[in-house]
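Biologist: Hi! Could you walk me through this one? I'm new to it.

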Amino acid sequence: MDKAFRAFFDRVKAGRTPGFPRFKGRGWFDTVEWPKDGDGCRWDSQPEHPAATYVRLQGIGHVRVHQHRRVLGSVKTISVKREGSRWFVVLSCDDVPAEQLPATGAAVGLDMGVASLFTTSDGAHVANPRHLAATADRLAAAQQDLARKRRGSKRRRKAAARVAVLHGRVGRQRLDGAHKAALALVRDYDVIVHEDLQIANMTRSASGTIDAPGRNVAQKSGLNRSVLDAGWGVFLRILAHKAESAGRELIAVAPRNTSRTCARCGHRARDNRVTQAEFACQACGHTAHADINAATNILRAGLALRRAAEAA
Ligand SMILES: [Zn+2]
């Protein structure tokens with residue numbers, strides 16, 4: 001165990017006010033991991049107290065924890081993590097029961113965004129979690145503030161602690177939102193088509209995509225753009241995990257031309273995109289919300305890939 005942690009836990013054990021372990025250089029996140037449940041640590045080891053959850057840590061004793069999510073499967077590793085002045089117990093589990101869901105016969109396409117997390121081909125705009133954009137703005141400001149502080153100074157240490165706290169908060173807000181959105185999708189759809197993230201990142205820029213200039217520019221400040229962009233990766237990872245355990249099919253497609261092609265007639269032209277939100281086909285007159293039109297094209301591309309794979 002890390003020396004700073006050891007000293008901290010020794011102070012906790014002795015019943016003294018623990019204070020906090022020192023920052024070690026640039027390490028804002030300190031994590032201690034125990035390799036497996038029962039070896040030096042044990043999750044929920046006091047069944048006689050059903051109302052409370054405890055983790056027992058070797059050399060520390062029982063520590064009561066506030067549980068954010070239900071634990072499924074068997075606990076494989078337990079780690080204790082510090083973010084700023086708060087402590088978290090992070091579990092990884094084996095044999096999480098797969099929750100096979102009944103078939104719905106429905107498929108959906110997702111158009112990933114920044115202002116909203118994604119828009120579906122069925123017309124649902126799924127927002128980022130409430131407060132995430134505001135926290136992301138504060139994080140970006142705190143990071144800029146940190147960059148201005150002199151190395152080794154007390155102010156720099158304080159600024160680093162603030163960044164760590166906001167970083168943790170953004171992460172948890174994003175994770176919560178991703179879990180909820182992904183769960184809703186796997187419940188409702190057998191097949192989920194999304195943009196291939198690596199290709200999407202190459203074609204998008206702060207000034208927008210080649211297809212649709214400006215469509216991805218963060219609405220409010222632009223400060224938090226990179227933080228919100230990073231949310232796609234988290235969301236898609238969680239979605240992949242939930243889709244697999246629910247027996248759903250997830251398809252990634254190249255996002256090329258999805259925003260300027262008419263979802264009804266296939267006519268492709270830059271003029272089709274009237275404004276950021278508005279799509280109006282110059283050939284057939286089809287009008288739609290631009291993101292719904294794009295999500296419909298993404299769905300269609302995914303279903304075409306699927307048919308091609310079945311035919312092969
Ligand atoms: Zn058209």
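**Strands, helices and a cavity**

Modeller: Happy to! In this predicted model, strand 7 (residues 107-112) and strand 8 (residues 116-120) run antiparallel and are joined by 3 bridges.

Biologist: Which residue in strand 8 is the bridge partner of L110?

Modeller: That's T120.

Biologist: And what packs on the sheet?

Modeller: Helix 3 does, touching strand 7, strand 8, strand 9 and strand 10 (191-195). The direction of helix 3 makes about 10 degrees with that of strand 8. Helix 6 (residues 290-311) packs on the sheet too, and touches strand 7, strand 8, strand 9, strand 10 and strand 11. Its direction makes about 125 degrees with that of strand 7.

Biologist: In what order do the strands of the sheet come?

Modeller: The order is 9-8-7-10-11, so to speak of the whole, 5 strands form an open sheet with mixed pairing.

Biologist: Which strands stand at the edges?

Modeller: Strand 9 (125-127) and strand 11 (249-253). Each has a single partner strand, so one side of each has no neighbour in the sheet. From one strand to the next, the twist averages 25 degrees.

Biologist: New topic: how many cavities of 30 Å³ or more are there?

Modeller: A search of the whole structure finds 1, with a volume of about 50 Å³.

Biologist: What lines it?

Modeller: L117, N128, P129, L132, R174, G177, A178 and G231. By class, that's 4 nonpolar, 3 polar and 1 charged residues.

Biologist: Which helix gives the most to that lining?

Modeller: Helix 3 (residues 154-188), with 3 residues.

How values were computed: Residues are numbered from 1 along each chain as its sequence is written. This is a predicted model: local features need pLDDT of at least 70, side-chain atom pairs count only at pLDDT 80 or more; totals for chains, interfaces and linings use all residues. Side-chain values use heavy atoms; hydrogens and water are left out. On a 1 Å grid over the protein atoms alone, a cavity is a set of points where a 1.4 Å probe fits but cannot get out, and a pocket is an open set with protein on both sides within 12 Å along at least five of seven lines; lining residues have an atom within 4 Å of a point. Grid points are joined across faces, edges and corners, and a volume is the space filled by probe spheres set on the points. Helices (H or I, at least four residues) and strands (E, at least two) are DSSP runs, numbered from the N terminus. Ala, Val, Leu, Ile, Met, Phe, Trp, Tyr, Cys and Pro count as nonpolar, Asp, Glu, Lys and Arg as charged, and the others, Gly among them, as polar. Two strands pair if DSSP finds at least two bridges between them. Axes are lines fitted to C-alpha atoms, for helices over the stretch in contact, and angles run from 0 to 180 degrees between N-to-C directions. Contact means heavy atoms within 4.5 Å.
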